[in-house]
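Visitor: I would like a close look at a single part of this model. Please begin with one residue, then go on to one helix and the chain around it.

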Amino acid sequence: MINRKATAVWKGTGKEGTGTVSTQSTVLENTQYSFNTRFAEGKGTNPEELIAAAHASCFAMKLSFELNAAGFTADELNATATVTLDPAKGQVTKSAIDLKAKVPGVDTDQFAQIADKAKKECPISQLLNAEITLNAELVSE
């Protein structure tokens, strides 16, 4: 088993308070988050942005493994995940992945099947209780 840790510290009320988040790797270290960074455009991060980063990076890595298993190596996989938070429901409702991929030798249908498998089997996709969509585009130079 592999365990990864992050720690969040929050001080004050939900709306006026502030928090910091730090990761085991120290890539994030006392990184600020607050009501404004979550529900407006304040400086810092927020849980949904961190989930989007996790989903995009997990999907891209999983797709790379799936392409390798099928005999292909990507020149570049550019994945952007957009996570939607519905404040009225208080839940994440969707993660939409947009992908531009340069993969020599793969045909469009085969690529679509491999990308869809990666979308379904990526560990973060499996973790999310939300709609997950994929818009995958195979591009040349």
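Guide: Y33 is a residue of strand β3, which runs over residues 31-34. The model is a predicted one, and every value below is computed from it. The relative accessibility of Y33 is 16%. Buried means under 20%, so Y33 counts as buried. Leaving aside residues up to four places away in sequence, Y33 touches A8, V9 and W10, then T18, G19, T20 and V21, and also T45 and N46. K102 is another matter: 69 residues separate Y33 from K102 in sequence, and their C-alpha atoms are 35 Å apart in space.

K102 brings us to another part of the chain. Strand β5 covers residues 91-102, and β5 is among the elements that cover the buried residues of helix α3. The others named there include α2 (47-69), α4 (123-127) and β6 (131-138).

Helix α3 itself takes in residues 108-121, 14 residues in number. At 1.5 Å a residue these should span 20 Å, and the end C-alpha atoms of α3 are 20 Å apart, which agrees. Which residues of α3 are buried? They are F111, I114, A115, A118 and K119. These buried residues cover an arc of only 140° around the axis, which puts them on the same side of α3. The general background is that an α-helix has 3.6 residues a turn, so residues three or four places apart point the same way. On the other side of α3, the exposed residues are D109, Q113 and K120. K119 is thus listed as buried, whereas K120 is exposed.

To place these parts in the whole, the chain has 4 helices and 6 strands. Their order along the sequence is β-β-β-α-α-β-β-α-α-β. The C-alpha atoms fill a box of roughly 55 × 30 × 30 Å along the principal axes. Of the 141 residues in the chain, 30% are buried. Among contacts with a separation of 6 or more, 51% join residues 24 or more positions apart.

The surface and the charges complete the account. The chain has an accessible surface of about 9100 Å², and carbon and sulfur atoms hold 51% of that surface. There are 14 positive and 17 negative charges, and the mean positions of the two sets are 8 Å apart.

How values were computed: Residues are numbered from 1 along each chain as its sequence is written. This is a predicted model: local features need pLDDT of at least 70, side-chain atom pairs count only at pLDDT 80 or more; totals for chains, interfaces and linings use all residues. Side-chain values use heavy atoms; hydrogens and water are left out. Helices (H or I, at least four residues) and strands (E, at least two) are DSSP runs, numbered from the N terminus. Buried means under 20% relative accessible area, exposed over 50%, partly exposed in between (1.4 Å probe, protein chains only). Contact means heavy atoms within 4.5 Å. Accessible areas come from the Shrake-Rupley method with a 1.4 Å probe; for residues, only the protein chains shown count as cover. Lys and Arg count as positive and Asp and Glu as negative; His and the chain ends are not counted. The place of a charge is taken as NZ of Lys, CZ of Arg, CG of Asp or CD of Glu. The expected span of a helix is 1.5 Å times one less than its number of residues. The arc is that of the directions from the helix axis to the C-beta atoms.
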